[in-house]
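The following exercises accompany the structure shown below. Each task is followed by a solution that proceeds step by step.

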Amino acid sequence: MGSILVGHTDSLFGNVPIQGAKNSALPILAATILCTGTCIVNNCPDLSDVNSTVDILKALGAKVKKEKNCITVDSSNINSYIVPQEMMTKLRSSILFLGSVVSRMGKAELYLPGGCKLGPRPIDWHLKALSDMGLEISLQNDMLKCETYGKLKGTQILLPLPSVGATENIILAAVLARGTTIIKNAAREPEICDLCNFLSSCGARIFGAGSSTIEIIGVDELYGTEHNVIPDRIVAATFMSATAITTGKVTLLNVVPKHLKSISKVIKKSGCMISTTQDTLTIESSGEIKSVGKVITDPYPGFPTDAQALIMAMCTIAKGNSEFVENIFENRYKHVEELLKLGADINVVGKKAIVNGVESLYGNHLKAKDLRGAAALIVASLAAKGETIIEGSEHLDRGYENFELHFKNIGANIKRI
């Protein structure tokens, strides 16, 4: 377990290239086992979660070659339907192998997934949807034993909520199913569209990605392709929050500004100026943060839950009060306890958190408890007087590539210890 040392930083200036999206890369890598040929995935971030996904692909029999941000997967000789328990429990997105493995092999044995402990994130919707498509499922001591007894069958599925993971799993199961699958109340996130674009380039027939209704017409076979992963909007939000809380001007390279619309809207309320081109976003801050009012997390195109902790960190020194309402996960305020150690004034009642801006934050010894919380603590620590040590740098490595290096390059006082 490592730590990050952060010193007070007066300003951030320069350009930051934004990495490929973790939440696109992981389902796309899981999807490569559906293809009979070789897939080349470019702009794939170098993360511990990606490495864990590569390990699963290899365990299933795929040949994988990883060179910097390019991963080549040859799944022509997939020979296993079992995902080892120690691999499943390393990351939440491992459950996506359920849809792809049963679609390719007709059966699957895997365990309940791991990842950040953000409260209940039931996979019941995944299981019910695939069961409706003809998958027989039994749970034995945290092991899911699944079998199709022939091809899965297309059907109409209504999701209780627009779950990203459930939508992805259904798509992965449906592309090679017999007949047509229609997902109602589907997730609309850009990462869903990226997965569908990848599968379509492999020969899948998918319509309506990005809307609440997705139609998948099953095909007999998928082929290899080459695909570029979209930029990571939460990594972009991290640098935007950090720039806002310090005095400075930073340009984010390789972004899709429309993916950042809900985040930009909130940060503009803080008093920052934001300008965009087709693939860049520039944020300029005076360092004097205003209250952003009420921030409510919701499925895309609403404000993303993954950015909630980042914006809250920014608001700790804002003039006035800001209110946060967390509608996605029950246990996503773990960072609050650590922000209080810096001198923040935050009151949590149920799913609401009221942030009363303070004049100054002060360095302390903190412990990160999840991925986005770790990044939020660093954002706040940049504005704190003195030095802050944040334990748990391994959380950052799950979602950020060269985190401290990119921050150093724009003037942050930060190093790994």
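## Exercises on the predicted model

Tyrosine 149 is exposed, with a relative accessible area of 57%. The structure is a predicted model, and the exercises begin with this residue.

**Exercise 1.** Determine where tyrosine 149 lies and what is notable about its phi.

*Solution.* Step 1: tyrosine 149 belongs to the loop between strand 8 and strand 9 (156-158). Step 2: its phi is near 50°, which is positive although the residue is not a glycine. Step 3: most residues other than glycine have a negative phi. Step 4: the cut-off for exposed is over 50% relative accessible area, and tyrosine 149, at 57%, is therefore classed as exposed.

**Exercise 2.** State whether asparagine 43 is buried, partly exposed or exposed, and describe its backbone.

*Solution.* Step 1: asparagine 43 sits in the loop between strand 3 (38-42) and helix 2. Step 2: the phi of asparagine 43 is positive, about 60°, and the residue is not a glycine. Step 3: buried requires under 20% relative accessible area and exposed over 50%. Step 4: with 24%, asparagine 43 is therefore partly exposed.

**Exercise 3.** Identify the kind of peptide bond that joins tyrosine 300 and proline 301, and locate proline 301.

*Solution.* Step 1: omega between tyrosine 300 and proline 301 is about 15°, and the bond is cis. Step 2: most peptide bonds are trans. Step 3: proline 301 is placed in the loop between strand 17 (294-296) and helix 10 (308-315).

**Exercise 4.** Describe the surroundings of aspartate 49, beginning with its accessibility.

*Solution.* Step 1: aspartate 49 is part of helix 2. Step 2: its relative accessible area is 2%, so aspartate 49 is buried. Step 3: two polar contacts of its side chain can be listed. One, of 3.1 Å, is with the side chain of lysine 22; another, of 2.9 Å, is with the side chain of arginine 398. Step 4: when residues up to four places away in sequence are not counted, aspartate 49 touches Lys22, Leu26, Lys90, Leu91 and Arg398. Step 5: turn to lysine 22, which lies in helix 1. Lysine 22 has 7% relative accessibility and so counts as buried. Step 6: leaving aside neighbours within four places in sequence, the contacts of lysine 22 include Asp49, Asp232, Leu371 and Arg398.

**Exercise 5.** Find how many residues of helix 4 (residues 97-105) are buried, and what covers them.

*Solution.* Step 1: seven of the nine residues of helix 4 are buried, and the helix is mostly covered. Step 2: the buried residues are Phe97, Leu98, Gly99, Ser100, Val101, Val102 and Ser103. Step 3: the elements that cover them include helix 1 (22-31), helix 2 (48-59), strand 6 (107-111), helix 5, strand 8 (143-147) and helix 6. Step 4: after helix 4 comes glycine 106, with a positive phi near 85°.

**Exercise 6.** Work out how helix 5 (residues 124-132) and helix 6 (residues 164-174) are arranged relative to each other.

*Solution.* Step 1: the two axes come within 9 Å and cross at roughly 25°. Step 2: angles under 35 degrees count as roughly parallel, and helix 5 is therefore roughly parallel to helix 6. Step 3: helix 5 passes helix 6 in a right-handed crossing. Step 4: on the side of helix 5, Trp125, His126, Ala129 and Leu130 take part, and they meet Gly165, Ala166, Asn169, Ile170 and Ala173 of helix 6. Step 5: by class, this contact of helix 5 with helix 6 has six nonpolar, three polar and no charged residues.

**Exercise 7.** Characterise helix 12 (residues 371-383) and its packing against helix 8 (residues 233-245).

*Solution.* Step 1: helix 12 is mostly covered, with 13 of its 13 residues buried. Step 2: aspartate 370 caps the N-terminal end of helix 12, with a side-chain oxygen 3.5 Å from the backbone nitrogen of arginine 372. Step 3: helix 8 and helix 12 pack at an angle of about 20°, and their axes are 8 Å apart. Step 4: the two helices are therefore roughly parallel to each other. Step 5: the crossing of helix 8 and helix 12 is right-handed. Step 6: in this contact, helix 8 contributes Ile234, Thr238, Ser241, Ala242 and Ile245, while helix 12 contributes Arg372, Ala375, Val379, Ala380, Leu382 and Ala383. Step 7: by class, the contact of helix 8 with helix 12 has eight nonpolar, two polar and one charged residues.

Technical notes. Residues are numbered from 1 along each chain as its sequence is written. This is a predicted model: local features need pLDDT of at least 70, side-chain atom pairs count only at pLDDT 80 or more; totals for chains, interfaces and linings use all residues. Side-chain values use heavy atoms; hydrogens and water are left out. Buried means under 20% relative accessible area, exposed over 50%, partly exposed in between (1.4 Å probe, protein chains only). Helices (H or I, at least four residues) and strands (E, at least two) are DSSP runs, numbered from the N terminus. A polar contact is a pair of N or O atoms within 3.5 Å; within protein, one must be able to donate a hydrogen and the other to accept it, and residues adjacent in sequence count only if both atoms are side-chain atoms. Axes are lines fitted to C-alpha atoms, for helices over the stretch in contact, and angles run from 0 to 180 degrees between N-to-C directions. Angles under 35 degrees count as roughly parallel, over 145 as roughly antiparallel, 65 to 115 as roughly perpendicular and the rest as oblique. A crossing is left-handed if the near helix is turned anticlockwise from the far one by less than a right angle, and right-handed if clockwise. Contact means heavy atoms within 4.5 Å. Ala, Val, Leu, Ile, Met, Phe, Trp, Tyr, Cys and Pro count as nonpolar, Asp, Glu, Lys and Arg as charged, and the others, Gly among them, as polar.
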